[in-house]
Amino acid sequence: MSVVLTEFADGVAVFTLNRPEAKNAVNLEVSEALAAAIDEFEARPDLTIGILTGAGGTFCAGMDLKAFARGERPSIPGRGFGGLTEAPPSKPLIAAVEGWALAGGCELALSADLIVASREAKFGIPEVKRGLAAAAGGLLRLPKILPYPLAMELAITGDPLTAEVAHQHGLVNRVTEPGEALTVAKELAARVAANGPLAVKATKQVVAMAANYTDPDAFVAQRKFIDPVFASADAKEGARAFAEKRAPVWKGE
C-alpha cells in the first residue's frame, strides 16, 4: 500500500497521507511520494484544485522522529518538508484536517490555501519543546494569518490551538463535525472546480503573491498571470456561456 494515496475525479485531486500506524508522520518516502503526486496534479489540465488529508483520523503528526534519529531527513531540496512546504502547487490546495496537525503536519496544513478542520482538530508547532524550531514554514506563515501575539504564543510555548479558535482568527475556513472534514473539503473543492481552471490557477497565484508587493508593483506583477487568462479560449467560452444562458464547458486552454 502506498504511503500517499491519490484520487482524481471531477477536477479535484485528493492526496491522503497513509501511515495511520505512525499517525501519518512524514519520512523521506512520504515526501517523495507526495512530491510525485503533486507533480502529476500540476501537469494535468483536467485537475483544478487539490485536497491534502490524512488516513486514520489524524492529519499528520509531523516528522518521523525515528527516521530522523537514523539520520534521515524528510525534506526535498527546493521543495521542503513533505515535498511541499517550500514549493506549494500553483493550483489551489485545501487541507482537510482531522485530529492532530502537529509540527511539520501543521506546516503542511499551512502550505495549503484553505483549511477545513474537524471540531476536534488541533494545530501546533511544539518544536521548541524538543529544542528545535518550526523551520518548515510555521514561523513564517503563522504571523501572516494570526494576530502577532497569538502567533508568537504558539511558537514560543509550543502549545496547540483548537480548530474553533483557529477558525475565529481566520486560520481555518470551515469547522466540521468529527469525521466530516474531507467531505466538506470536497464540497468546497467542487465549487472551485466548477470555475475556469486557468482563471482559478492565475487567481491563486496573484492572491498568494500580493502581500509581497506595493499596489503599483502588484499591478505590474499580476500581468504575467492574468493576461494569458483573458487571451484564453476559456475566457471566450465563459462569455458565450453567459450570453447563451448555459453552463460553460472548460478546456483549460
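Which residue takes a positive phi in the hairpin of S1 and S2? In this predicted model, that residue is Asp10, with phi near 55 degrees. The hairpin leaves 2 residues between its strands.

Let's start with the two strands on either side of that turn. S1 covers residues 4-9 and S2 covers residues 12-17; they run antiparallel and are held in register by 6 bridges. To get your bearings in the ladder, look for Leu5, which sits opposite Thr16 in S2.

**The sheet around the hairpin**

Zoom out a bit, and S1 and S2 turn out to belong to an open sheet of 6 strands with mixed pairing. Reading across, the order is S1-S2-S3-S6-S8-S11. S1 and S11 (174-176) each have a single partner strand, so one side of each has no neighbour in the sheet. On average, neighbouring strands here are turned by 20 degrees against each other, ignoring direction.

Further along the order, S3 and S6 give you the parallel flavour: 3 bridges join them. Gly50 faces Leu93 of S6 in this pair. Here are the two pairings side by side:

| Strand pair | Residues | Sense | Bridges |
|---|---|---|---|
| S1 and S2 | 4-9 and 12-17 | antiparallel | 6 bridges |
| S3 and S6 | 49-54 and 93-97 | parallel | 3 bridges |

**Helices on the sheet**

Two helices are worth a look here. H1, residues 28-43, lies across S1, S2 and S3, and its direction is at about 180 degrees to that of S2. H7, residues 181-193, also packs on the sheet, where it touches S1, S2, S3, S6, S8 (114-118) and S11. Its direction makes about 170 degrees with that of S3.

**The chain as a whole**

Stepping back, the secondary structure adds up to 11 helices and 11 strands. How does the overall size look? The radius of gyration is 19 Å, which agrees with the value near 18 Å that a compact globule of 253 residues would have. Along the principal axes, the C-alpha atoms fill a box of roughly 60 × 45 × 35 Å.

As for the inside, buried residues account for 46% of the 253 in the chain. Among contacts with a separation of 6 or more, 65% come from residues 24 or more positions apart. On the outside, the accessible surface is about 12,700 Å², and carbon and sulfur atoms contribute 58% of that.

Definitions and conventions. Residues numbered from 1 in each chain as written. Predicted model: local features only at pLDDT ≥ 70, side-chain atom pairs only at ≥ 80, totals over all residues. Heavy atoms only, no water. Pairing = 2+ DSSP bridges. Helix = DSSP H or I, 4+ residues; strand = E, 2+ residues; numbered from the N terminus. Axes fitted to C-alpha atoms, helices over the stretch in contact; angles between N-to-C directions. Contact = heavy atoms within 4.5 Å. Rg over C-alpha atoms; globule rule 2.2 N^0.38 Å. Buried < 20%, exposed > 50% of the residue type's maximum accessible area, 1.4 Å probe, protein only. Areas by Shrake-Rupley, 256 points an atom, 1.4 Å probe, with all protein chains shown as cover.
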